[in-house]
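Good morning, and thank you for coming. Please look at the sequence and the structure on the screen while I speak.

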Amino acid sequence: AGVCQGRSLSTRAASRALVAAVAAAARRVNARYERYLERSFPRFYVLHSTFKTGVQALFLEVKEIRRIKSKMSRQRLSPQQLPYRDMERLRQFRRDVLKAIPIGIIAIPPFANFLVIVLMYFFPRQLLIRQFWTPKQRVEFLDAYDSIRRGSYPTVVRSLALAARSLPEPQPRELLQQLCAQVQGGARPHLAQLLAVRSLFAGSLLALSRLQVDHVRALGQVLFLTPHLPAFFLRYRLRSHVLEIRHLDRALLRLGLGQLSEEELRAACYLRGLNSTHLGRAECRAWLEQWLRLSCELQASEASLLAHSMVLLSLNYSRPPE
């Protein structure tokens, strides 16, 4: 029995050594192949390297999502009870999955893989999720998306100023009209000015459920929601997205801004309406601190003010407040 056991151990050791040798040989071949690509086809090498890195990042992301889901099931947690990074990872993963659905549907028919590759090559911003963007593409695409949403910012402010005319209480109405005029004039509002008109956004004509449809569509574009949804569904999605950001804000406050990496800091600002791709770390942190002070003061019933503040606080951020 001892002899048989010794032979079995020896066989397993030999198998492991063989697997290790094959893996090492494969790594050497792959390294030579990548050096050849880099020398001979540099543009293709960038795509190849980005795709390889993207697959690895996506694999790690899926592992993290499984860990988070397991933790939620084991501890019976809701998404709002998660730490900031886990909550943000779940939010981003859901968005990535939704973005990947069209390309997945196109790839279903036989022999459609070639078409998918062509589409992904020519339309990377529209079809590829962030793990498969090059660093240069990341900056370009974030700028492109921000340019699209910033196109709706003047409409949001104009619609808000128009809606303010119909408010019955004269003093808060005048404060809101002054605030809109200030932003339209290129100035940046103070936090106290936003809090002074908070009562107007809960239950009045400025609540998300009572805004004009064009006003809601413009606000939806700030959060990258398609304006072609039915009005009732768009209002629902807009409110749920804003409240999700509010939950993230509270989790971020518990974590502390000082714990964020520069990449996380920029991503947090970008999600909340500010194009942070060309701002310094100190500027991003100052803006996010102001945002958190506002968000953590507001109740869920004041979600409309939080949605409008994505525009009011970021539209003229490069200029000093007046």
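Where is Glu297 found? Glu297 is in the loop between α13 and α14, the latter covering residues 303-312. Please bear in mind throughout that this is a predicted model. Glu297 counts as partly exposed, because its relative accessibility is 40%. Leaving aside residues up to four places away in sequence, Glu297 touches Leu195, Arg198 and Glu302. Of these partners, let us take Arg198: Glu297 and Arg198 are 99 residues apart in sequence, and their C-alpha atoms are 9.9 Å apart in space.

Arg198 also takes part in a salt bridge. Its side chain meets that of Glu302, with 3.0 Å from N to O. Why does this pair tie together parts that are 104 residues apart in sequence? The reason is that Glu302 lies in the loop between α13 and α14, whereas Arg198 lies in the loop between α9, residues 191-196, and α10. Glu302 counts as buried, because its relative accessibility is 8% and the limit for buried is under 20%. Arg198 has a relative accessible area of 21%, so it is partly exposed.

Let me now step back to the whole chain. The chain has 14 helices and zero strands. Buried residues make up 39% of its 322 residues. Among contacts with a separation of 6 or more, 63% are between residues 24 or more positions apart. The accessible surface of the chain comes to about 18500 Å², and 60% of that surface belongs to carbon and sulfur atoms.

I return to salt bridges. How many does the structure hold? The structure holds 16 salt bridges. One of them joins Glu262 and Arg266, whose closest N and O atoms are 2.8 Å apart. These two residues are four residues apart in helix α12, so about one helical turn separates them. Glu262 is partly exposed, with a relative accessible area of 37%. Helix α13 offers another example: the side chains of Arg285 and Glu289 meet in a salt bridge, at 3.1 Å from N to O. Arg285 and Glu289 are four residues apart in α13 and are therefore also separated by about one helical turn. Arg285 counts as partly exposed at 34% relative accessibility, and Glu289 is partly exposed at 30%. There is also a network of salt bridges, which links Glu61, Glu64, Arg67, Lys71, Asp86, Arg89, Asp96 and Arg130.

The next topic is aromatic rings. A pair of such rings is described by the distance of the centres and the angle of the planes. A search of the whole structure finds five aromatic pairs. In one of them, the ring centres of Trp133 and Phe141 are 5.1 Å apart and the planes stand at 85°, so the pair is edge-to-face. Both Trp133 and Phe141 are buried. Tyr145 and Phe224 form an edge-to-face pair as well, with 6.0 Å from centre to centre and 75° between the planes. This pair links distant parts of the chain: Tyr145 is in helix α6, residues 135-150, while Phe224 is in the loop between α10 and α11, 79 residues apart. Is Tyr145 buried or exposed? Tyr145 is buried, because its relative accessible area is 17%. Phe224 counts as partly exposed at 30%. Together with Tyr270, Tyr145 and Phe224 form one aromatic cluster. Two arginines sit over rings of this cluster: the charged end of Arg125 is over the ring of Tyr145, 5.1 Å from its centre, and the charged end of Arg149 is over the ring of Tyr270, 4.4 Å from its centre.

Arg149 brings us to Gly273. What does Gly273 touch, not counting residues up to four places away in sequence? Gly273 touches Asp146, Arg149, Tyr153, Met310 and Ser314. Gly273 lies in the loop between α12 and α13, and it counts as buried because its relative accessibility is 0%. Asp249, in helix α11, is likewise buried, with a relative accessible area of 0%.

I finish at the surface. Val97, Leu98, Ile101, Ile105 and Ile108 form a nonpolar patch there, with about 490 Å² of accessible area together. Ile108 is placed in the loop between α3 and α4. At 66% relative accessibility, Ile108 counts as exposed, since the limit for exposed is over 50%. Thank you for your attention.

Methods:
Residues are numbered from 1 along each chain as its sequence is written. This is a predicted model: local features need pLDDT of at least 70, side-chain atom pairs count only at pLDDT 80 or more; totals for chains, interfaces and linings use all residues. Side-chain values use heavy atoms; hydrogens and water are left out. Rings of Phe, Tyr and Trp (its six-membered ring) pair if their centres lie within 6.5 Å; planes under 30 degrees apart count as stacked, over 60 as edge-to-face and the rest as tilted. Buried means under 20% relative accessible area, exposed over 50%, partly exposed in between (1.4 Å probe, protein chains only). A charge sits over a ring if NZ of Lys or CZ of Arg is within 6 Å of the ring centre and within 35 degrees of the ring normal. Contact means heavy atoms within 4.5 Å. Accessible areas come from the Shrake-Rupley method with a 1.4 Å probe; for residues, only the protein chains shown count as cover. Patches are made of residues with over 30% relative accessible area and no salt bridge: like charges are joined within 9 Å, nonpolar side chains (Val, Leu, Ile, Met, Phe, Trp, Tyr) within 5 Å. A salt bridge is a side-chain nitrogen of Lys or Arg within 4 Å of a carboxyl oxygen of Asp or Glu.
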